[in-house]
Amino acid sequence: MTGRSVSEAHADADAGDGTAGTTTGVTADVAARATAGFCSRYAAEPAGRWAAPGRVNLIGEHTDYNDGYVLPFALPLRTVVAAAAREDQGWTVWSELADHPVEFGPEAVDEPGRVTGWAAYVAGVVWALRDAGYAVPGARLAIASDVPLGSGLSSSAALEAAVLAALVDLGGLDLPAEKQPRLAQRAENHYVGAPTGIMDQSAAVRCRAGHALFLDCRDESVEHIPFDLDEAGLAVLVVDSRAPHRHADGEYASRRRSCERAAAALGVPALRDVAMADLDAALDRLPDDETRRRVRHVVTEDQRVLDTVTLLRAGRVREIGPLLTASHASMRDDFEITVPEIDTAVETALAAGALGARMTGGGFGGCVLALVDADRAVAVADAVRHAYAERAFTAPHTTTVLPTTGATRLG
Ligand code: GAF
């Protein structure tokens, strides 16, 4: 299975200006590819098409599994599933990005892990639904996607959310949108085996166009925060560092474990329960410098999310820049999840006039987002490209994006 870059995907999505053509952010092209794939693979028309987006996280990194706060928004890059129910309890999945379709029956979703590779995300959703007691319909599915793989833009959650939306509708299942992220997360945690938090699935399901999603990851309450970049004369530039993003590897899991150990040492359910005012006292009680830095990142990052939300509620979009940049410094120095390509993109964007910049997503590669004056976006992107060339890094992909909507049925 091969991925597509942000800019390749974006060129298809909206001719490169990042604004996407429709209110759902779904372009005709990716939907048409899913439909065409369905028709040619199954020699029939799909019963419907369901789309879910990738995301960037404006701020709040590695806070979700600490029961904290996040502020993602949905990208105009989507995964579309064309699907129809079948009579039996079997699932056939075709993807434009895979060499072969995958077929599995009920025995493969009796317990986690029996389907592997990309189709595990689909089987995982079927497993999680069945495990929660839902009568999941057998189905034929065809998948097309503009969300690049391995760039930290949450292609896996987009796939899970689109498949889940399709199966819920096809089966007439009583599973409201606000309960879908937890189920999709179970698929990823228990079937696929990646110990992620709830942010990406929540963004893929619950985001709203023109807004960032302020999510309390403890009780899953949300507030849709207006994020009107046009009105503020601003743009969010996304730089795909092309440094491979691997949160399934040991580093993500080890960060999560050290946060959980620290919470246990402090006698709190999760690091979200350490208040900013108590941070210094909490740090004094921790056994080593590394753990202290991990905790400091999470506690200060939660506060930065709250501060960002306060500014956005007041319409003071320009002023969030320093919070984004402080978040990056914290990920680089305290949480230690950045890589040279990422730090270069952030430093160069800031030097070229960005109001703020930070890595977005799980880390160890992936994407940087920079808040820029709209008329500086091209110059900032050029500066990053130049800096990469000077350091002999693989050329980055850059694009601007606007917030779009979460999972939708297209018809
Ligand atoms: C990845 C995970 F999937 C999210 O749950 C979140 O922890 C993120 O990394 C870091 O904020 O995207």
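**Ligand surroundings**

I began with the residues around the ligand, of which there are 13, and I noted that Glu61, His62, Asp64, Asp200 and Tyr252 come nearest. I keep in mind throughout that this is a predicted model.

I then sorted the shell around the ligand by residue class, and found that it divides into 3 nonpolar, 6 polar and 4 charged residues.

**Polar contacts of the ligand**

I looked up the backbone next: a backbone N or O atom of histidine 62 lies 2.7 Å from an oxygen atom of the ligand, and for glycine 197 I found a polar backbone atom at 2.8 Å from an oxygen atom of the ligand. Turning to side chains, I recorded that an N or O atom in the side chain of aspartate 200 is 2.8 Å from a ligand oxygen atom. With these contacts written down, I checked the cover, and the protein takes up 99% of the 310 Å² of accessible area that the ligand has on its own.

**Serine 145**

I moved on to serine 145, which I located in strand β6, a strand made of residues 139–145. Is serine 145 buried or exposed? I enter it as buried, because its relative accessible area is 7% and the cut-off for buried is under 20%.

For the side chain of serine 145, I noted that it reaches the backbone nitrogen of valine 147 at 3.0 Å. I also looked up the separation between serine 145 and valine 380: they are 235 residues apart in sequence, and their C-alpha atoms are 28 Å apart in space.

Notes
Residues are numbered from 1 along each chain as its sequence is written. This is a predicted model: local features need pLDDT of at least 70, side-chain atom pairs count only at pLDDT 80 or more; totals for chains, interfaces and linings use all residues. Side-chain values use heavy atoms; hydrogens and water are left out. A residue is near a molecule or strand if one of its heavy atoms lies within 4 Å of it. A polar contact is a pair of N or O atoms within 3.5 Å; within protein, one must be able to donate a hydrogen and the other to accept it, and residues adjacent in sequence count only if both atoms are side-chain atoms. Accessible areas come from the Shrake-Rupley method with a 1.4 Å probe; for residues, only the protein chains shown count as cover. Ala, Val, Leu, Ile, Met, Phe, Trp, Tyr, Cys and Pro count as nonpolar, Asp, Glu, Lys and Arg as charged, and the others, Gly among them, as polar. Helices (H or I, at least four residues) and strands (E, at least two) are DSSP runs, numbered from the N terminus. Buried means under 20% relative accessible area, exposed over 50%, partly exposed in between (1.4 Å probe, protein chains only).
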